[in-house]
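This report concerns the interior of a protein model. It treats strand pairing, nonpolar packing, internal cavities and cysteines in turn.

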Amino acid sequence: MTEPAPIPVFDGHNDVLLRLLKSHAGSAETAFIEGTATGHLDLPRARRGGFAGGMFAIFPPSPHSSGSIDRMQGGSYAVPLPPELGLAEAQAATTAMASILLRLERAGGLSVCRSVAEIRAAIARDSLATVFHIEGCEAIDTDFRMLDLLYAAGLRSLGIVWSRPNAFGHGVPFQFPGSPDTGPGLTDAGRALVRECNERRILIDLSHLNEKGFWDVAELSTAPLVATHSNAHSVCPHARNLTDRQLDAIRDSGGLVGLNFATAFLRPDGSMNADTDLEIMVRHVDALIERLGEDGVGLGSDYDGATVPAAIKDAAGLPRLFEALRARGYDEPLLRKIGTENWFRVLERTWGG
């Protein structure tokens with residue numbers, strides 16, 4: 001008996017470009033297209049799991065990692081954030097990962113898409129539909145010259161911060177239990193960046209931004225509010241997660257939240273532990289749908305950037321999450337909304353037709 005085809009997934013966040021830069025810089029095309037034994041995402045595993053595309057993040061790492069994942073082990077913790085990253089260092093890392101993305105496209109491993117029409121067309125021809133996204137705007141100067149260049153290269157989505165502070169705003173710490181209300185929000189340059197993104201119709205990702213920054217964006221932005229990879233604070237009281245009030249604002253804007261698979265943001269004990277039952281992922285989906293409605297929830301796995309439940313393991317394991325949602329009573333139309341359709345709706349509203 002033939003198994004049904006997986007629910008197609010457009011995913012809000014992964015860090016495969018950073019993994020390729022660190023581990024396969026000289027052979028990124030081969031590693032991604034032929035597959036590897038490590039990490040979460042490559043082309044063979046994407047196809048097995050129904051991973052049809054998503055936001056491919058470019059995250060410029062700090063030179064001295066704080067070991068945040070290793071230190072998020074339940075009970076209570078507050079992981080120190082690294083200092084601000086210099087512009088030159090951030091630009092070097094960003095251009096290196098952008099080069100990998102564009103080389104993967106030339107090698108036939110994916111398609112860099114700038115519209116929902118291009119995403120749909122890529123999926124129809126069985127090409128991985130990829131959106132150029134940056135996580136943390138350290139590579140962007142406050143005159144926005146680099147933004148012009150990145151946009152021309154295909155950038156259509158950005159997260160203003162990755163937790164550490166930068167010229168544009170302040171992020172949330174890796175703190176459990178904790179509140180996202182952790183200090184000042186956007187700087188004047190950050191407010192100008194929101195206006196620049198609205199003018200270019202670049203999606204603004206609220207994940208990692210602290211609560212004051214969230215409300216600054218909500219006040220300024222004309223686009224739907226989106227958190228590409230965040231969870232419900234009511235289920236897991238981690239500083240990285242969104243409060244009910246934030247979720248209500250996202251709903252009222254017609255926005256979306258992508259479920260983050262990182263176990264520290266799923267588990268009620270805040271532990272980054274792969275021994276995590278899929279039931280807790282379903283509880284977060286339940287909570288998000290309760291606040292956002294059926295049109296406001298997608299997936300934002302954080303593949304290659306976090307520890308995910310062992311039952312999911314990698315991109316090939318996506319069908320197991322949908323099996324768990326079916327067992328909860330989710331029907332096929334709603335599963336397809338969560339898989340792709342909600343993302344397409346919010347991207348069309350943000351980018352235009």
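The paragraphs below describe a predicted model, beginning with its strands.

**Strand pairing**

Strand 2, which spans residues 51-58, is mostly covered, eight of its eight residues being buried. Strand 2 pairs with two strands, as listed here.

| Strand paired with strand 2 | Residues | Bridges | Direction |
|---|---|---|---|
| Strand 1 | 9-14 | four | parallel |
| Strand 5 | 129-135 | six | parallel |

Individual residue pairs can be named for each pairing. N14 has F56 of strand 2 as its bridge partner, while M55 stands opposite V131 of strand 5.

**Nonpolar cores**

In soluble globular proteins, nonpolar side chains tend to be buried together. In this model the largest nonpolar core comprises 97 residues, and F32, F56, L158, I160 and F261 have the most contacts inside it. Helix 11 (residues 278-292) supplies the largest share of this core, with nine residues. A second core, separate from the largest one, has 16 residues, among them M55, L203, V226 and W343. F56 of the largest core is thus the bridge partner of N14, and M55 of the second core stands opposite V131.

I160 illustrates the packing around one residue of the largest core. With neighbours within four places in sequence left aside, I160 is in contact with G136, C137, N166, F168, L186, L193, V194, I204, D205 and V217.

**Cavities**

How many cavities of 30 Å³ or more does the structure hold? There are two cavities that reach this volume. The largest cavity has a volume of about 60 Å³. Its lining consists of N198, I202, L203, I204, L206, V217, S221, A223, P224, L225, V226 and T350. Of these lining residues, L203 and V226 also belong to the second core, and I204 and V217 are among the contacts of I160.

**Cysteines**

A disulfide is a covalent bond between the sulfur atoms of two cysteines. The structure holds zero disulfides. C113 takes part in none, its nearest cysteine sulfur being that of C197, 19 Å away. Why is C137 not bonded to C197? The sulfur of C137 lies 6.8 Å from that of C197, its closest cysteine sulfur, which is too far for a bond because a disulfide requires sulfur atoms within 2.5 Å.

Are C113 and C137 buried or exposed? C113 is buried, with a relative accessible area of 2%, and C137 counts as buried at 1% relative accessibility. C137 is also one of the residues in contact with I160.

Definitions and conventions. Residues numbered from 1 in each chain as written. Predicted model: local features only at pLDDT ≥ 70, side-chain atom pairs only at ≥ 80, totals over all residues. Heavy atoms only, no water. Buried < 20%, exposed > 50% of the residue type's maximum accessible area, 1.4 Å probe, protein only. Pairing = 2+ DSSP bridges. Core = buried A, V, L, I, M, F, W, Y, C linked by side-chain atoms within 4.5 Å. Contact = heavy atoms within 4.5 Å. 1 Å grid on protein atoms, 1.4 Å probe; cavity = no way out; pocket = protein on both sides within 12 Å on 5 of 7 lines; lining within 4 Å. Points joined across faces, edges and corners; volume = space filled by probe spheres on them.
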